[in-house]
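Work through the exercises below with the sequence and the model at hand. Each task is followed by a solution in steps.

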Amino acid sequence: MAYEQARGQLIADLVERESLSERTAEAMRAVPRHEFVPPSRRESAYEDRPLPIGNGQTISAPHMVAIMVDLLDPDPGDRILEIGTGCGYHAAVTAELVGPENVFSVEYHEDLAAQARETLDDLGYGAISVRSGDGKQGWPEHAPYDGAYLTCAGSSFPSPIVEQVRSGGIVLGPIADGRQRLIRGVVDEDELDEREPHGYVRFVPLQ
Ligand code: SAH
């Protein structure tokens, strides 16, 4: 199949360029990105760039998902909170690593959440939990998480999210302080410790 071949090529390029781990590469090989974008964008699904998904939002570029999955580096069975479901693609890649029942995702736009729900169900990721609402509050009902990541940029990590991640867990996402940088921090007793920057990035704003 043409899509499968294009996906294989894209991921081979990412492995080489970004020194992706084999685990992340395998997870990305398993998820059909073209099924997550609007039909008019399918032909571009295996180019390494963001694409519009409606509501002024985008699906992140494949290299960005790859880098974030590598930095989160979850173990099988880890419980992961995502803020910014968008079309559901990144959540599906995470589900390949931890199991779909361990992925909890919050999306601000109700219609994007509904569309993501439908796509995820169709592709066998029905056990991923999605809700619409303000991700700044996290999703306390399913806490504690082993890790959390944001796919939209705020000026700091909202404290409810940090508080819902266990000590030793990871919080990851773009933080805008003028320019946006991808930051990875380790949680220690409800506080973020060991914050490391991982380069400049461009994400949509946290609402
Ligand atoms: N994870 C997606 C990327 C989606 S883009 C992927 O797989 O490519 C970021 C998403 O964050 C957008 O859909 C946007 O609506 C959402 N978002 C922005 N602010 C939010 C908030 N406060 N709570 C939850 N989602 C938010």
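**Exercise 1.** Find which elements each supply at least two residues of the lining of the largest pocket, then describe that pocket.

*Solution.* In this predicted model, the elements are β2, α3 (62-72), β3, α4 and β4. Next, take the volume: the largest pocket holds about 560 Å³ of space. Its lining has 37 residues, and T58, S60, T151, F203 and V204 are the closest to the centre. Sorted by class, the lining comprises 18 nonpolar, 14 polar and 5 charged residues.

**Exercise 2.** Locate the ligand and describe the shell around the ligand.

*Solution.* Start with the site: the ligand takes up the space of the largest pocket. Two or more shell residues come from each of β2 (57-59), β3 (80-83), α4 (89-98) and β4 (103-107). Of these, β2 gives the most, with 3 residues. The shell counts 25 residues, and S60, H90, E107, G135 and Q207 come nearest to the ligand. By class, 10 are nonpolar, 12 polar and 3 charged.

**Exercise 3.** Identify backbone atoms that lie by nitrogen atoms of the ligand, and state how much of the ligand is covered.

*Solution.* Take the distances one by one. For G135, a backbone N or O atom is 2.7 Å from a ligand nitrogen. For Q207, the corresponding distance is 2.8 Å. For T85, a polar backbone atom is 3.4 Å from a ligand nitrogen, which is within the 3.5 Å cut-off for a polar contact. Finally, the cover: on its own the ligand has 580 Å² of accessible area, and the protein covers 99% of that.

Technical notes
Residues are numbered from 1 along each chain as its sequence is written. This is a predicted model: local features need pLDDT of at least 70, side-chain atom pairs count only at pLDDT 80 or more; totals for chains, interfaces and linings use all residues. Side-chain values use heavy atoms; hydrogens and water are left out. A residue is near a molecule or strand if one of its heavy atoms lies within 4 Å of it. A polar contact is a pair of N or O atoms within 3.5 Å; within protein, one must be able to donate a hydrogen and the other to accept it, and residues adjacent in sequence count only if both atoms are side-chain atoms. Accessible areas come from the Shrake-Rupley method with a 1.4 Å probe; for residues, only the protein chains shown count as cover. On a 1 Å grid over the protein atoms alone, a cavity is a set of points where a 1.4 Å probe fits but cannot get out, and a pocket is an open set with protein on both sides within 12 Å along at least five of seven lines; lining residues have an atom within 4 Å of a point. A molecule sits in a cavity or pocket if more than half of its atoms lie within 2 Å of its grid points. Helices (H or I, at least four residues) and strands (E, at least two) are DSSP runs, numbered from the N terminus. Ala, Val, Leu, Ile, Met, Phe, Trp, Tyr, Cys and Pro count as nonpolar, Asp, Glu, Lys and Arg as charged, and the others, Gly among them, as polar. Grid points are joined across faces, edges and corners, and a volume is the space filled by probe spheres set on the points.
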